[in-house]
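I opened a fresh notebook page for this one and went through the fold piece by piece. Here is what I looked up, in the order I looked.

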Amino acid sequence: MPFDTTTSVAGRPAFGARRPAWVALEDKTTNDALFARADVTCAPSEVVAAADRGALDAAAARVDRGAGTVWSGDAREGFNGGGVLVRRVTGPDRAAAVADLMAARCDRVRVAPFLDGIPCSIHGIVTADGIAVFRPMEMVMLRTPDTAFRYAGVASYWDPPAAARDEMRAAARRVGALLRDEVGFAGSYGIDGVLTADGFRPTELNPRMGGGLSVVARAVPDIPLFPLHWIAAEGLPVGVTAHEREETLTTA
């Protein structure tokens, strides 16, 4: 499983488990600092205490570009992907409801501007011999009548302009290298974000198998990406080079 942290089962070693330092990267309130260390441009954001309503409102006022803000909760309660603790705030009434939600389930909240553009993701795999980076994927994120977002799927039919594609792939490569160097990361990972008029702006890091890689996997069924992820996480040779994986899967 992509979320497995089990190192043993019935006294026998488990294969491909994620290390605690890798799991910690799920926390969305730490991702912008990581992207900055990888020289990846982010939208301005602030991280404040979830229980401090005044600080939340003040941060929102500072970063709002006119379309409201997006509040993302930390990972205090564990994995919360799929937009579970991500909310759009466009006024005082919605801010109050979101603040109550965050205070009940989080310690920290990332407050960032709502970004108008195409929600998308970019994926890669870190192995002992290098980093393979694939093509961007479009994500369908629907705005609900309240403050939530609804994740409605991912597909590869969309292809951004060449400059944007190159920007996203270069960002993913730098992030993969940083993960490898800082926490010894190995295996698959993904970056979610929005392609805006100003370029790609990441919103979160997923240090595991992501939904977009399932689309890649269907394109080349002869390359089993889940076992490849587990093998890489164990630090074992995978049989083909990072360059070969990248060329084969990106072309497919």
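**Entry 1: the hairpin.** I started with β9 and β10, which form a hairpin with 5 residues between them. This is a predicted model, so I read everything below as a property of the prediction. I checked the pairing next: β9 (residues 137-143) and β10 (residues 149-155) are antiparallel, joined over 5 bridges. To pin down the register I picked Met139, and its bridge partner in β10 is Val154.

**Entry 2: the open sheet.** I then traced a sheet of 4 strands, which is open and antiparallel, in the order β3-β6-β4-β5. Which strands stand at the edges? They are β3 (46-49) and β5 (86-89); each has a single partner strand, so one side of each is left without a neighbour in the sheet. From one strand to the next, the twist averages 30°. I also looked at one pairing in detail: β4 (residues 69-73) and β5 run antiparallel and are joined by 4 bridges. Val70 has Arg88 as its bridge partner in β5.

**Entry 3: helix α3.** I listed the buried residues of α3 (residues 53-63) and got Leu56, Ala59, Ala60 and Val63. They span an arc of only 100° around the axis, which puts them on the same side of the helix. A reminder to myself: an α-helix has 3.6 residues a turn, so residues three or four places apart point the same way. On the other side of α3 I found Ala61 and Arg62 exposed. The cover over the buried residues of α3 includes β3, β4, α4 (92-105) and β6 (108-113), and I recognised β3, β4 and β6 from the open sheet.

**Entry 4: helix α6.** I repeated the exercise for α6 (residues 211-219), where Gly212, Leu213, Val215 and Val216 are buried. Their arc around the axis is only 150°, so they too lie on the same side of their helix. Those buried residues pack against β7, β9, β10, β11, α7 (225-233) and α8 (242-251), so both strands of the hairpin from my first entry turn up here.

**Entry 5: the cores.** How many residues does the largest nonpolar core have? I got 27, and the residues with the most contacts inside it are Leu34, Phe35, Val175, Leu179, Tyr189, Ile191 and Leu205. At least two residues come from each of α2 (31-37), β7 (118-127), β8 (130-133), α5 (162-183), β11 and β12 (199-206). Helix α5 gives the most, with 7 residues. I zoomed in on Phe35: beyond its neighbours within four places in sequence, Phe35 is in contact with Val40, Cys42, Val175, Ile191, Pro202, Glu204 and Leu205. Apart from this core lies another, of 16 residues, with Leu85, Ala99, Cys106 and Val111 among them.

**Entry 6: Thr196.** Last, I visited Thr196, which sits in strand β11 (residues 187-196). Is Thr196 buried or exposed? With a relative accessible area of 15%, Thr196 is buried, because the cut-off is under 20%. I then followed its side chain: it reaches the backbone nitrogen of Asp198 at 3.1 Å, and the side chain of Thr196 also reaches the backbone oxygen of Gly199 at 2.8 Å. Setting aside neighbours within four places in sequence, I found Thr196 in contact with Leu115, Asp116 and Arg201.

Definitions and conventions: Residues numbered from 1 in each chain as written. Predicted model: local features only at pLDDT ≥ 70, side-chain atom pairs only at ≥ 80, totals over all residues. Heavy atoms only, no water. Buried < 20%, exposed > 50% of the residue type's maximum accessible area, 1.4 Å probe, protein only. Polar contact = N/O pair within 3.5 Å; in protein donor to acceptor, adjacent residues only side chain to side chain. Contact = heavy atoms within 4.5 Å. Pairing = 2+ DSSP bridges. Axes fitted to C-alpha atoms, helices over the stretch in contact; angles between N-to-C directions. Core = buried A, V, L, I, M, F, W, Y, C linked by side-chain atoms within 4.5 Å. Arc of directions from axis to C-beta.
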